[in-house]
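Me: I've got a protein open and I want to get a feel for it. Can we go through it together?

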Amino acid sequence: MNSCVKEIPDKMKLMVFGINGKVRMRFAGKPPERTGYMVPEGKELAEYKRIERILEKWGIDDRNVMRDFSLGILANETGINKRNLERYFAEYTDIGFREWKNWLRIEKGKELILSPETMTIEEISDILGFQDKCSFYRLFRKQTGYTPGEWRSTGGHPEMGD
């Protein structure tokens, strides 16, 4: 397992792999908060758990995260039917595929920003498969509350400077 995953807080690990704490609580018998949310059972639940395990394994490989990828590419590389992946994100998680994908890439970006090889933010943005530096900045700030430059200058602890 790579060092990036070990540093992710438990709650965020669950989100990275397509399921967050709310979903876990739902399986403990609490009613869903979102209207129309389907709590899978039986074979469907087993299939979603299988998909979750595959995505967890796929998501920790830097080669997968350090590029842009589509739902189709993810389906081909994991051997999961594309329709099953669509249903997994729509019915089993509280996040969509695009949000999951961007979360993975920003987490890797946080690691790269602090790496000893001093790459520019634009180089990191390119490595992670973002269309342009602005998209990376916007998503980074949305996810962390800080700019990539603030993240770098504080060693990943921008809240300490507040």
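Me: How many salt bridges does the structure hold?
Reply: Eleven salt bridges. Keep in mind that this is a predicted model.

Me: What lets side chains pair like that?
Reply: Opposite charges can pair when their charged atoms come close.

Me: OK, take K108. Which residue does K108 form a salt bridge with?
Reply: K108 pairs with D62. Their closest N and O atoms are 3.0 Å apart.

Me: Which parts of the chain does that pair tie together?
Reply: K108 lies in helix α8, and D62 lies in helix α5, which covers residues 62-65. The two are 46 residues apart in sequence, so the salt bridge ties together separate parts of the chain.

Me: Is K108 buried or exposed?
Reply: K108 is buried, at 4% relative accessible area. D62 is partly exposed, at 27%.

Me: Now K101. Where is K101?
Reply: K101 is in helix α8, residues 97-113.

Me: And which residue meets K101 in a salt bridge?
Reply: D68 does. The N to O distance is 2.8 Å. D68 lies in the loop between α5 and α6, while K101 lies in helix α8, so this pair ties together parts that are 33 residues apart in sequence.

Me: Why does K101 count as buried?
Reply: Because its relative accessibility is 11%, and buried means under 20%. D68 has 34%, so D68 counts as partly exposed.

Me: What else is K101 in contact with, leaving aside neighbours within four places in sequence?
Reply: F69, along with D68.

Me: Let's move to R87 and E91. How many residues apart are they in helix α7?
Reply: Four. They are separated by about one helical turn, in a helix that spans residues 82-92. Their side chains meet in a salt bridge, 3.2 Å from N to O.

Me: Buried or partly exposed, for each of R87 and E91?
Reply: R87 is partly exposed at 24%. E91 is buried at 17%.

Me: Which residues are linked with them in a network?
Reply: E44. The network of salt bridges links E44, R87 and E91.

Me: Switching topic. What does the secondary structure come to?
Reply: Eleven helices and zero strands. Read along the sequence, the pattern is just α after α.

Me: How much of the protein is buried?
Reply: Buried residues make up 42% of the 162 residues.

Me: And what about the accessible surface?
Reply: It comes to about 9200 Å². Carbon and sulfur atoms hold 52% of that surface.

Me: What share of contacts joins residues 24 or more positions apart?
Reply: It is 62% of the contacts with a separation of 6 or more.

Me: Give me one example of residues apart in sequence. How about I54 and I80?
Reply: I54 and I80 are 26 residues apart in sequence. Their C-alpha atoms are 8.7 Å apart in space. I54 is in contact with I80 and also T78, leaving aside neighbours within four places.

Me: Where does I54 lie?
Reply: In helix α4, residues 42-59. I54 is partly exposed, with a relative accessible area of 23%.

Me: Last topic, surface charge. Which residues form the negative patch?
Reply: E122, E123, D126 and D132 form a negative surface patch.

Me: Where is E123 found?
Reply: In helix α9, residues 121-127. E123 is partly exposed, at 39% relative accessible area.

Terms used: Residues are numbered from 1 along each chain as its sequence is written. This is a predicted model: local features need pLDDT of at least 70, side-chain atom pairs count only at pLDDT 80 or more; totals for chains, interfaces and linings use all residues. Side-chain values use heavy atoms; hydrogens and water are left out. Patches are made of residues with over 30% relative accessible area and no salt bridge: like charges are joined within 9 Å, nonpolar side chains (Val, Leu, Ile, Met, Phe, Trp, Tyr) within 5 Å. Accessible areas come from the Shrake-Rupley method with a 1.4 Å probe; for residues, only the protein chains shown count as cover. A salt bridge is a side-chain nitrogen of Lys or Arg within 4 Å of a carboxyl oxygen of Asp or Glu. Lys and Arg count as positive and Asp and Glu as negative; His and the chain ends are not counted. The place of a charge is taken as NZ of Lys, CZ of Arg, CG of Asp or CD of Glu. Buried means under 20% relative accessible area, exposed over 50%, partly exposed in between (1.4 Å probe, protein chains only). Contact means heavy atoms within 4.5 Å.
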